[in-house]
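Here are a few short exercises to work through with the model open beside you. Try each task before reading its solution.

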Amino acid sequence: MASDHQQPVLSSLGKVGHSSGEIDDVEEPLVSVEFKNSENFSARAAILPFLFPALGGLLYGYDIGATSCATISLQSASSSGISWYNLSSVEVGLVTSSSLYGALIGSVLAFNVADFLGRRRELILSALMYLVGATVTGLAPNFAILIIGRFMSGTGIGLAMHAAPMYIAETSPSKIRGQLISLKEFFIVLGMVVGYSIGSLLVEVVAGWRYIYAANTPIAFVMGVGMWWLPSSPRWLLLYAIQRKGNMAELKERAISCLYRLRGAVIGEKASEEVDEILDELSFLGESEEATIGEIFQGKCLKALIIGAGLVLFQQITGQPSVLYYAPSIFQSAGFSAASDATRVSILLGLLKLFMTGVAVLVVDRLGRRPLLLGGVSGIVVSLFLLGSYYLFLGHVPAVAVVALLLYVGSYQLSFGPIGWLMISEVFPLRLRGRGLSIAVLVNFGANALVTFAFSPLKELLGAGILFFIFGVIAVLSLVFIFFIVPETKGLTLEEIEAKCL
């Protein structure tokens, strides 16, 4: 592997590729040997540029975990602390899903403002929206204000899940980029476990739902302050420079300063070299012209959109919310005493998710993205067919369902969980990355909403067994998609990915 870094890297087309997907007749090397060697960095300096954006994932996970307990507290006559606790099923559904609607709106907003604001300011805005939303929710005097607060929090989530992968991808050294972006998924799962845990402690406290929703405001505050302190993405500054939206010399100096802060003193004078290399590559890849909306559906970006949106679509429609819905009853049928408490089951599965995501983080930059996707999704296929068989034919063997459930959760966290977010942050060309990634995030949250709302009527119509078999067939299709469409990006810089994989 080490020898790969000693050779010049050429575009797989061997020619200059324009953003429209056309190919010219000029043959040029894409990246010089010096650029690969100049990616010096300090591991300590790389921690904070990852940590503060990743807190957005922690907030997202916390919201998922905390809401399951908060809705129980909210409907309790004895401990809700309110007079309007007698909520209808529709109103409970709104409490649960209003943050998802907000996330959808956040994704739409990101499409229009992401490239103007930049990754750093978008993350500051997301932290502010979440902080205000969680505060409004915790202090809500009535149901309408509660929903407004949940919607605001969701908007912050949508902005964070859009900007955080971009900021981490654009500021991380290519050698550890996969690990750092996959760690963001680890933070999502960690947030879920924290949310379940805090919720279980406060669910029987009077007005506990207020404390549950307000408990994460310090995290949002730390995230906002941290992003204010961090520098801008050097690649975003250089994109502005090359598109003549500011003074070239001034923006280049700012990019060098930002890169020095992001990589630590070890990069030394090579910060200037790396900035020059990135500028040369952006010129080479045709990034100097401002992107139009139509270009998102043409050439390289269309291929990136198919890869990214396809992955996050399959991530949701292979049944992840539905499988977890059945977790308590599966454990109960197997005779586990903790199964009577859905929160404990959720914490148990959360810890398994945390462990398997940690495994993915450790191996993603060694094994690569495709092996984890192909292996993990194969496990998902097997688990879904086992679950379908359990509900149709093997109801007398509950161990089958337990094994299938654990296999599904573990396989998902090795593949779709971390790798889906990793790939969408890597594949889009720089000048279309903000808009392209916002579409992918919109697809993710939209598909999540579709599966969540369609699950109950489909279960009544078809039965759980048939539904899991349908999810299994979709998972097989996702395997075909990954095998033929999804490229390997391990060890490549973002500019190399654009030239070689699109």
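**Exercise 1. Describe how helix α12 packs against helix α20.**

Start with handedness: α12 passes α20 in a left-handed crossing. Keep in mind that this is a predicted model.

Next, take the geometry. Helix α12 (residues 299-317) and helix α20 (residues 464-485) pack at about 160°, and their axes are 10 Å apart. Angles over 145 degrees count as roughly antiparallel, and α12 and α20 are therefore roughly antiparallel to each other.

Now list the residues that touch. On the α12 side they are I306, I307, G310, L311, F314 and I317, and α20 contributes F471, I474, L477, S478, F481, I482 and I485. Sorting the residues of this contact gives 11 nonpolar, 2 polar and no charged.

**Exercise 2. Do the same for helix α19 and α20.**

Here the axes of helix α19 (residues 430-462) and α20 come within 7 Å, crossing at roughly 120°. From α19, the residues F455, L458, K459 and L462 meet A464, I466, L467 and I470 of α20. This contact divides into 7 nonpolar residues, no polar and 1 charged.

**Exercise 3. Find where the E170 salt bridge leads, and decide whether its partners are buried or exposed.**

A search of the whole structure finds 10 salt bridges. In one of them, E170 pairs with R433, with the closest N and O atoms 2.8 Å apart. E170 sits in helix α5 (residues 143-171) and R433 in helix α19, so the pair ties together parts that are 263 residues apart in sequence.

For burial, the cut-off is under 20% relative accessible area. E170 has a relative accessible area of 2% and is buried; R433, at 2% relative accessibility, counts as buried too.

**Exercise 4. Repeat the analysis for R235 and E495.**

The side chains of R235 and E495 meet in a salt bridge of 2.7 Å, N to O. This pair links distant parts of the chain, with R235 in helix α9 (residues 234-242) and E495 in helix α21 (residues 494-501), 260 residues apart. R235 is buried, with a relative accessible area of 4%, and E495 counts as buried at 3%.

**Exercise 5. Work out how enclosed helix α18 is.**

Count the buried residues of helix α18 (residues 416-426): 11 of the 11 are buried, so the helix is largely enclosed by the rest of the structure. Among them are W421, S425 and E426. As a last step, follow E426 outward: E426 is linked with R177, D365 and R369 in a network of salt bridges.

Note on methods:
Residues numbered from 1 in each chain as written. Predicted model: local features only at pLDDT ≥ 70, side-chain atom pairs only at ≥ 80, totals over all residues. Heavy atoms only, no water. Axes fitted to C-alpha atoms, helices over the stretch in contact; angles between N-to-C directions. Helix = DSSP H or I, 4+ residues; strand = E, 2+ residues; numbered from the N terminus. Parallel < 35°, antiparallel > 145°, perpendicular 65-115°, else oblique. Left-handed = near helix turned anticlockwise from the far one by under 90°. Contact = heavy atoms within 4.5 Å. Nonpolar A, V, L, I, M, F, W, Y, C, P; charged D, E, K, R; others polar. Buried < 20%, exposed > 50% of the residue type's maximum accessible area, 1.4 Å probe, protein only. Salt bridge = Lys/Arg side-chain N within 4 Å of Asp/Glu carboxyl O.
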